[in-house]
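Visitor: I would like a close look at a single part of this protein, at the level of side chains, and then a walk outward from there. Could you take me through it?

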Amino acid sequence: MADITANQAPNSHTPDSDEDDDAAHQVWTMRDLRILHELQKPVAVVVSGVYEDPHSAEGLQDISRVIFQNAECKKQFGLPRSRAEFVEIHKSYSETERQMQRAWILKATQGGSSHQSWMNFSNFLRPLFQGVTADGPNFICRFDSKAIRVRTLPTQVESALMHVAELDGSVTDLRVAAIHSRNPLHTFLFNSCGVLLNANASALQAFAHSHAGDAGGTGLILKTLFEEGVYPGGEEEAQSAYDDAMNAVFSLQLECHRHTQAHKSKKDGSTKWSMIEMWPMLDPVDASPAVLVKRHNITQQKHIELQLTAHQDALQKQNQELEQDSFALHEQQLRLQEEAQSLTQRLEVILHDKFQHRKHGFDSDTPIDKTLTFLQGVIGGKVPPVEMALDLFNILSESDTNLRQPVGLEDQLLQARSIDSEVGQSMLQLLQGSARGCALVPDRQGSSMSASLTNRNLTLPAGAARPYWMDNSYPTEQDGSFVPPTLTTSIEKMLLDAENNWQFDVFAFAEATPGVTLALLTFHFYKISGCISHFGLDPVKLWRYLQRVESGYQMQNPYHNSIHVASVVQMTHMLLCHGGIMQSKALSNIQLLSAYWSAAVHDFEHGGVNNDFLIKTAHPLAITYNDQSPLENHHLAAAVRLMFDPDLSYLPMSVVRSDNMLVLRSTCINMVLGTDMKKHFDIVSRFQAAFKRTPPSSAAEPSLQSASASPVQDWESIKAEDKTLVHQMVLKCADIGHLAAGLHTHKRWALQLEEEFFRQGDKEKECCLTVSPLMDRTLQGGMTRSQIGFFNIVGTPMFKAMVDLFPDAQPMLDGVIANLRQWEQSAEQAAKTS
């Protein structure tokens, strides 16, 4: 048989090609085949093929046709069936049966000599001959098959199989064939009374090894296999096991019954284990019920199972003291599932990081990065290409080259085909600023941003009970464990979730804690981190201070409000306590206190417009800070100014008058000022350079790939300036942490930021300014159009750099990649429908 395609004859040859064939490949003519009539055994010559069939579920169609049968074959099996009859019967076979037949035909065709096999009589012959029917006899018989070549037409030679049926097999042959077709190793065949009908040689040899006095197996009955086992209940348990097995096989007709038994080794007396497997079948001789039995040694497997069981019992015993309820077990299962899912996501991250530049056409390497890459190749013993050296020379020779900004940032964003023009302008304004050279437009109200942010009181829904900590009558207790006492059980559960969840639902928490979301969450982290007790903070004044800070955020801002800041505080906590940062001792205790404070005030008194708007309108904040990060400078200064109020000064004098105060203030300034996106590439580039992998030695395989950060073993040896980069990266990642949030939460933040941008665009129109890119609500789409670009250029590289240094933060990066995939899928669908 040979596989062929549709509309092509199987293995057809011209007469000329036949003349060149080797003598071993004899070609039979139809006249030559007549000699087979003299044989007293059924002989059939069959041409088989597999054709492409687009109308079938498998895409293939098996076709076999009988081109010759001798007289004995016609007598035994009848005339050949038509092609339509063959196809109809063959369709009733399962896919597994069809695949087995194809494999068998292929094997028989490839053999140079006769191929002998035991086949099911009905399954093999019924599609070919009219005399073999479904209700006729069905048994195992032997077929001797040989591949031949037959000239079926004057100009065509086909490959075929000549089958000779051996219908007169002995009882032993039939049973051996039945056993062999199921399993050839250590196999017995018993009748329904447990009497041995047949056994293959390996099975008898195994039995003889354990019964030296009965090598022939004549005394073997099925029950003997069960009696060999060692049972705690003795003979009664052995009898019960035997009865259960016979019932399962002959009464219940289970597909397979398995029984495990222990027995003593006659060699050394050790305990061995065996598995008895039993399959019901019919005796091929008289079709009476029988059972096929296989016994094999599972001692090694059993010992491993026992060791695992003992180990598991020991672990369970240790965990009993820790696992107090089913909730803890459920949490453990969720963590295991997340770890398993993270394997695929980590691979996606690696592939994304490797190919994102090629896919999106953006090169984020700064001149410093390119220089380090060049030097790494030289140190590794590899001579970099001349073109690379010339490019680097030209870049560094330019007088306006920014060493910490991607090369050609403006050209890449504005001229790249893969980035929409307006999206590129928006990204450029975000990362570089576009206010230079713009006319200054005075603020129409002539007042500073903070003038509109009066020391207002928080409001509650009508009829709601007013918690006493919102009044001025605070308790006088200075106990470090003080927490406002009106917490409900549901809020306490949310606070517990906030301690451990990388995708915390901050919107649900805000709905449960109106007006105190930021203050309550920050106070909670101060408390559980030990900052209150360690530094002796005044809990009452701390609460007042946090409440005052929360009142400095305008809830009418769609994005820059206290809920956004609460999410930043929570992501900061996750990075510090679950991302491996505090565990690695990259931060001291006073810097932990600084990190929580910086996250809580990093957008204090934000007016809902960006730095570019303040600079273009000559806002008092831009004038005060000379156009240098006016918002970030104001957030810091205004929040620090509050601490001079005696009622809000929660730091003890032991901290204020110590070196810790200098560390705290320096850390907070660096972290909050670092959130200005104009400094993004400078910080990320310095971070990656500070914690890059050690360049390879000359003996190692050099690489011209950019070095990435790697975990640090000894933080004591790291310079203070480099640790500052870690502090800045923590708050930068937390500030855009919604990229790692659950999809629903992330998209809600994206839409709220888009609305805030639209509102700035409205104000720019009122000031007769050119509307900033993606901020005109009258045009199609806003900043959500730039999400893929923001992920690829800003978000993903920064989060990846952080995870390279702190692998425990991997769940954060997994969330970022998952959300990026959703934006990419949405863009692809939009492109298809447009």
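Guide: Happily. In this predicted model, the side chain of Asp-804 makes a polar contact with the side chain of Lys-800, at 2.8 Å. Asp-804 sits in helix α31, which covers residues 787–805. An α-helix has 3.6 residues a turn, so residues three or four places apart point the same way. How much of Asp-804 is open to the outside, buried or exposed? Its relative accessible area is 15%, and since buried means under 20%, Asp-804 counts as buried.

Stepping back along the chain from α31, you come to the loop that joins α30 to α31, and Cys-768 is in that loop. Cys-768 follows helix α30 and has a positive phi, near 60°. That is a positive value in a residue other than glycine. Unlike the buried Asp-804, Cys-768 is exposed, because its relative accessible area of 68% lies over the 50% cut-off.

Helix α30 itself runs over residues 743–766 and has 24 residues. From first C-alpha to last, α30 reaches 35 Å, close to the 34 Å expected at 1.5 Å a residue. Helix α29, residues 720–735, gives a similar check: its 16 residues reach 23 Å, close to an expected 22 Å. As for its surroundings, α29 is mostly covered, with 14 of its 16 residues buried.

The loop between α28 (680–690) and α29 holds Lys-692. With 32% relative accessibility, Lys-692 counts as partly exposed. Its C-alpha atom is separated by 9.6 Å from that of Leu-372, although the two residues are 320 apart along the chain.

You can set that pair beside a figure for the whole protein: among contacts between residues at least 6 apart in sequence, 69% join residues at least 24 apart.

Another loop worth a visit contains Asp-627, between α24 (620–624) and α25 (630–642). Asp-627 also has a positive phi, about 65°, although it is not a glycine. Here the accessibility is 36%, so Asp-627 counts as partly exposed.

A further loop, between α22 (589–601) and α23 (611–616), holds His-606. At 4% relative accessibility, His-606 counts as buried. The side chain of His-606 reaches the backbone nitrogen of Gly-608 at 2.9 Å. There is also a pairing across the chain: the C-alpha atoms of His-606 and Asn-561 are separated by 7.8 Å, with their positions 45 residues apart in the sequence.

From there, move to helix α21, residues 562–577, and its partner α16, residues 489–500. Their axes come within 7 Å and cross at roughly 50°, and α16 and α21 are therefore oblique to each other. Which residues meet there? On the α16 side they are Ala-498, Glu-499 and Asn-500, and on the α21 side Gln-570, His-573 and Met-574. By class, this contact has two nonpolar, three polar and one charged residues.

For the overall setting, the protein has 32 helices and 11 strands, and buried residues make up 48% of its 834 residues. To return to where we began, Asp-804 is buried, and its side chain has Lys-800 as a polar partner at 2.8 Å.

How values were computed:
Residues numbered from 1 in each chain as written. Predicted model: local features only at pLDDT ≥ 70, side-chain atom pairs only at ≥ 80, totals over all residues. Heavy atoms only, no water. Helix = DSSP H or I, 4+ residues; strand = E, 2+ residues; numbered from the N terminus. Buried < 20%, exposed > 50% of the residue type's maximum accessible area, 1.4 Å probe, protein only. Polar contact = N/O pair within 3.5 Å; in protein donor to acceptor, adjacent residues only side chain to side chain. Expected span 1.5 Å × (residues − 1). Axes fitted to C-alpha atoms, helices over the stretch in contact; angles between N-to-C directions. Parallel < 35°, antiparallel > 145°, perpendicular 65-115°, else oblique. Contact = heavy atoms within 4.5 Å. Nonpolar A, V, L, I, M, F, W, Y, C, P; charged D, E, K, R; others polar.
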